[in-house]
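These notes are for a colleague opening this entry without prior knowledge of it. They take up the fold, a few residues and their surroundings, one point at a time.

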Amino acid sequence: MRYFRNQDICVRLEGDSIKGANSFSFDSSYSSPKVEVVGKGILTRSYGGKNESVGSISALILDDGSDLYSKFIANSGVISNGSLGSSDVNFNFNQGYINSYTLNGGVSTLPSDSIEFVAYGEIENEEIDPQDNIGEKAFKSKSIFIGGLDRLETEHIQSFNYSISTSWKPSYIMGTHLPVNVSRVEGYTISLDLDLIVAGSAMDSVMNDFEKFTSGSNDLTITITGCDETIIYSMPKANIESEGLTASVDGFLEGSIKFQSFVNNLEDLEIAP
């Protein structure tokens with residue numbers, strides 16, 4: 001069995017190191033070749049299966065921001081020149097696309113993000129230079145504010161999950177391993193899940209105002225401070241998908257809210273600090 005130090009691990013997209021990367025997965029199994037019987041069985045022809053791999057990358061949000069988010073936004077979900085593994089044993093791919101981006105945060109936890117992606121084409125192993133994935137500065141002291149919730153204070157929120165989903169459609173023809181075209185269905189789905197806990201004098205006001213969230217839409221933001229630059233994630237015109245409150249016997253009010261929104265372009269999510 002071989003063990004790797006953190007500095008031996010390499011996670012790259014667009015040829016650049018993903019700082020803060022702390023885990024990844026990659027499945028490079030391909031579908032089996034198939035044989036088609038033509039006519040009355042007099043002739044057969046074979047063709048290869050789809051050459052697709054699925055993977056994921058998770059990373060801490062560092063003081064200088066998120067490499068995963070910046071690459072996702074800059075390239076509209078398209079990725080290339082990726083490498084996952086160690087400096088001498090790794091998966092290298094040339095083309096792919098991101099299916100989803102997710103940001104997580106909560107009380108007493110470091111904020112982190114992740115992507116799930118599909119890579120297609122030949123997968124190779126190359127010797128590459130090692131990197132320090134964690135970097136020099138992670139969030140040791142931070143504040144996270146969720147704006148746009150007029151009736152709920154950020155201090156009531158225990159955890160959140162913010163995600164952006166894409167919809168890609170690769171097209172294959174018989175006899176090819178690579179898609180002849182990869183098109184994106186217009187629009188991106190944005191979701192935000194909040195877990196709440198309320199105690200004391202705030203319980204009554206939160207219970208009375210909770211139902212008012214169902215009317216209209218809200219422009220929501222997630223702001224992360226305590227870093228080199230303030231990081232802002234946006235969710236314009238968010239509508240409530242579901243909500244619920246549960247009063248416990250120990251005097252706490254627990255609840256959850258799920259918002260959803262749609263944008264045509266990822267540029268619609270960009271907000272200047």
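1. Two strands are said to pair here if DSSP finds at least two bridges between them. On that basis β7 and β8 are paired, running antiparallel over 7 bridges. One position in this pairing is Val78, whose bridge partner in β8 is Tyr97. The model is a predicted one, and the points below should be read with that in mind.

2. Overall make-up. The protein chain has 2 helices and 17 strands. It holds 273 residues, of which 40% count as buried. Its accessible surface comes to about 14,500 Å², and carbon and sulfur atoms account for 47% of that area. Take the contacts between residues at least 6 apart in sequence: 72% of these join residues at least 24 apart.

3. Strand order. Strand β7 (residues 78-86) also pairs with strand β1 (residues 9-13), in the antiparallel sense and over 4 bridges. There, Ile9 has Ser86 of β7 as its bridge partner. Going the other way from β7, the antiparallel pairing with β8 is followed by one between β8 and strand β11 (residues 157-165), again antiparallel, over 7 bridges. β11 in turn pairs with strand β14 (residues 188-199) in the antiparallel sense, over 8 bridges. The pairings can thus be followed from β1 to β7, from β7 to β8, from β8 to β11 and from β11 to β14.

4. A residue shared by two pairings. Which residue of β11 is the bridge partner of Asn104? The partner is Asn161. Asn161 also stands opposite Asp193 in β14.

5. Ser100. This residue is found in strand β8, which covers residues 90-106. Is Ser100 buried or exposed? Its relative accessibility is 14%, so Ser100 counts as buried; the cut-off for buried is under 20%. Apart from neighbours within four places in sequence, the contacts of Ser100 are Ser114, Ile115, Glu116, Ile164 and Ser165.

6. The nonpolar core. The largest nonpolar core has 46 residues, and those touching the most other members are Phe117, Tyr162, Ile164, Tyr233 and Phe259. With neighbours within four places in sequence set aside, the contacts of Ile164 include Tyr69 and Phe72, as well as Asn99, Ser100 and Tyr101. Tyr188, Thr189, Ile190, Leu266 and Leu269 are also among the contacts of Ile164.

7. Helix α1. This helix spans residues 67-74, and its buried residues are Leu68, Tyr69, Lys71, Phe72 and Ile73. Its N-terminal end is capped by Ser66, where a side-chain oxygen lies 3.4 Å from the backbone nitrogen of Leu68. As a reminder on helix geometry, an α-helix has 3.6 residues a turn, so residues three or four places apart point the same way.

8. The salt bridge. How many salt bridges does a search of the whole structure find? The search finds 1. The side chains that meet in a salt bridge are those of Asp16 and Lys71, at 3.1 Å from N to O. Because Asp16 lies in strand β2 (residues 16-17) and Lys71 in helix α1, the pair ties together parts that are 55 residues apart in sequence. Lys71 is buried, with a relative accessible area of 16%, whereas Asp16, at 39% relative accessibility, counts as partly exposed.

9. Positive phi angles. Most residues other than glycine have a negative phi. Ser76 is not a glycine, yet its phi is positive, at about 55 degrees. Ser76 sits in the loop between α1 and β7 and is partly exposed, with a relative accessible area of 23%. Asn81 also has a positive phi, near 50 degrees. Asn81, however, is placed in strand β7; with a relative accessible area of 45%, Asn81 is partly exposed.

10. Thr230. The loop between β15 (218-225) and β16 (231-247) contains Thr230, which is partly exposed at 35% relative accessible area. Thr230 and Gly65 are 165 residues apart along the chain, and their C-alpha atoms are separated by 8.4 Å.

Terms used:
Residues numbered from 1 in each chain as written. Predicted model: local features only at pLDDT ≥ 70, side-chain atom pairs only at ≥ 80, totals over all residues. Heavy atoms only, no water. Buried < 20%, exposed > 50% of the residue type's maximum accessible area, 1.4 Å probe, protein only. Contact = heavy atoms within 4.5 Å. Areas by Shrake-Rupley, 256 points an atom, 1.4 Å probe, with all protein chains shown as cover. Polar contact = N/O pair within 3.5 Å; in protein donor to acceptor, adjacent residues only side chain to side chain. Salt bridge = Lys/Arg side-chain N within 4 Å of Asp/Glu carboxyl O. Core = buried A, V, L, I, M, F, W, Y, C linked by side-chain atoms within 4.5 Å.
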